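Got the model open in your viewer? Switch to cartoon view, keep the selection box handy, and let's walk through it one stop at a time.

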Amino acid sequence: MRSIVGWRAMGFELSRRRALAAGLSGLALTILGGLMLLAWQKGMLGSILGAGLCIAWLIGAGCWTAARSGRGERDGEMTRPAPDGPPLDALFDQIPLPLLRVDTGRAQAINRASRSLFATDDRVIPTPPALLDVSQTRLRHEGKSWRIERVAGTGRALVMLIDIEAERRAAEAHADNEMIDILGHELLNGLSPIVSLADSAQVAAERGDTRLPGILATLTRRIEGLERFTRAYRMLARLPDPVRAVVDMGELVGDLSRLFAERFGDRVMLSTEVPEGATGWCDRDQMTQGLWALLHNAAEAALAGTVAPAVTLHVATEAGRLVVRVSDSGQGVAAPERARIFRPFHTTKPEGSGIGLTLARRIAQAHGGELTLLPVAVTTFELLLSSPGRGGGSAER
């Protein structure tokens with residue numbers, strides 16, 4: 001609008017200048033004509049010639065100015081600046097997510113996606129209460145769940161709806177692709193030496209080579225390692241839903257302590273701390289498996305350290321949640337490894353499967369909890385679980 005007003009104002013100013021120039025040129029021609037007539041009557045030929053030249057100059061200047069003005073108008077029309085860009089509504093229509101304007105107790109669809117979702121060209125009638133309530137972050141509409149993202153202003157808000165199911169599918173596809181990539185990489189790494197060893201064994205058998213028994217023994221160990229990897233993958237992929245019950249944590253930790261002593265004997269010292277009467281709301285078998293994976297990982301890290309191997313298992317209740325921390329005296333986890341430590345099959349140990357920490361984390365998440373590596377000097381894994389009565393789950397076994 002301002003561009004149009006500006007061009008109109010410019011045109012008005014140009015017309016006024018033309019009128020003023022035409023008037024002054026006419027006045028000058030009239031005066032020069034009178035002087036030329038007077039000079040003719042007096043016989044002043046030089047003055048007549050000068051006046052004629054001035055008249056010719058004025059006429060030529062007027063024609064030149066008129067020609068330039070017409071050309072400038074045409075150029076101005078051709079070079080008139082285009083609008084700054086497409087209208088805002090057109091830009092909004094290109095956004096695939098539904099956008100709405102919410103104010104004064106009503107919602108208005110402002111792009112193609114929102115108009116299609118709510119089957120309206122303007123106002124959303126009736127307006128879902130979740131759109132009007134700023135505390136709401138979820139909307140259920142047309143059998144689908146949407147996450148509500150708001151950009152609030154003075155008395156109004158811009159609302160974007162995000163399809164939760166589509167987000168979940170995208171996340172699952174990404175996780176599946178990553179798992180397939182890791183699985184393919186590990187299988188190729190395991191099969192390549194097996195094929196090479198099989199070829200070597202065949203050649204050795206044909207030649208009666210005395211190295212054949214050693215080659216076969218190595219081949220057997222590689223096959224067994226690949227079998228362990230495959231079993232670990234199946235264990236991770238087929239983790240069943242937890243069946244929760246109230247579990248005596250003192251009793252569970254006691255069982256783990258005896259398992260630890262059988263496995264590591266006097267090589268690693270285990271210290272435990274459990275408050276009297278502490279309970280956990282969990283699947284006992286899965287929690288035993290998850291905590292054993294943490295203890296086993298901690299013991300191996302402690303044995304690889306430079307000080308007396310020691311592992312600590314600490315159980316506590318904080319903010320209505322059960323907290324289990326497992327620490328070790330090892331050399332710690334390097335910064336680059338912290339980002340990959342929970343990835344399936346990632347391990348820095350020659351004989352490790354890379355499944356223990358991943359399995360422990362999956363078990364924690366299946367219980368609605370979480371397993372993290374704390375940012376402290378001593379390597380410490382923290383497992384958080386809901387306390388009895390705070391989490392969902394099935395009945396006791």
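Start with an open sheet of 5 strands, ordered 7-9-10-12-11, in which the pairing is mixed. Colour strand 7 (269–273) and strand 11 (370–373): these are the edges, and each has a single partner strand, so one side of each has no neighbour in the sheet. From one strand to the next, the twist averages 15°. Keep in mind that you're looking at a predicted model.

Now select 310–318 and 321–328. These are strand 9 and strand 10, running antiparallel and joined by 8 bridges. For a spot to zoom in on, show valine 311, which stands opposite aspartate 328 in strand 10.

Which helices go with this sheet? Select 284–303 to bring up helix 9, which lies across strands 7, 9, 10, 11 and 12 (380–386) and runs at about 25° to strand 10. Then add 356–366: helix 11 packs on the sheet too, touching strand 11 and strand 12, and its direction makes about 140° with that of strand 11.

Next, move to helix 8 (residues 249–264) and show the side chains of phenylalanine 260 and phenylalanine 264. They sit 4 residues apart in this helix, which means about one helical turn separates them. A search of the whole structure turns up 1 aromatic pair, and this is it: the two rings are tilted, 4.9 Å centre to centre with 40° between the planes. Are these two phenylalanines buried or exposed? Both are buried. Add arginine 263 to the view as well; it lies over the face of phenylalanine 264, 4.8 Å from the ring centre.

On to another open sheet of 5 strands, this one antiparallel with the order 2-1-5-4-3. Its edge strands are strand 2 (106–109) and strand 3 (138–141), each pairing on one side only. Neighbouring strands here are turned by 35° against each other on average, ignoring direction. Select 144–152 and 156–163 to see strands 4 and 5, which pair antiparallel over 7 bridges. Within that pairing, tryptophan 146 stands opposite aspartate 163 in strand 5.

Last stop: asparagine 111, in the loop between strand 2 and helix 4 (112–118). Why call asparagine 111 buried? Because its relative accessibility is 0%. Its side chain reaches the backbone oxygen of leucine 97 at 2.9 Å, and a 2.8 Å polar contact links it to the side chain of serine 114. Show what's around asparagine 111 and you'll find it touching residues that include Phe92, Asp93, Ile95 and Pro98.

Note on methods: Residues are numbered from 1 along each chain as its sequence is written. This is a predicted model: local features need pLDDT of at least 70, side-chain atom pairs count only at pLDDT 80 or more; totals for chains, interfaces and linings use all residues. Side-chain values use heavy atoms; hydrogens and water are left out. Two strands pair if DSSP finds at least two bridges between them. Helices (H or I, at least four residues) and strands (E, at least two) are DSSP runs, numbered from the N terminus. Axes are lines fitted to C-alpha atoms, for helices over the stretch in contact, and angles run from 0 to 180 degrees between N-to-C directions. Buried means under 20% relative accessible area, exposed over 50%, partly exposed in between (1.4 Å probe, protein chains only). A polar contact is a pair of N or O atoms within 3.5 Å; within protein, one must be able to donate a hydrogen and the other to accept it, and residues adjacent in sequence count only if both atoms are side-chain atoms. Contact means heavy atoms within 4.5 Å. Rings of Phe, Tyr and Trp (its six-membered ring) pair if their centres lie within 6.5 Å; planes under 30 degrees apart count as stacked, over 60 as edge-to-face and the rest as tilted. A charge sits over a ring if NZ of Lys or CZ of Arg is within 6 Å of the ring centre and within 35 degrees of the ring normal. Lists of a residue's contacts leave out its neighbours within four places in sequence.
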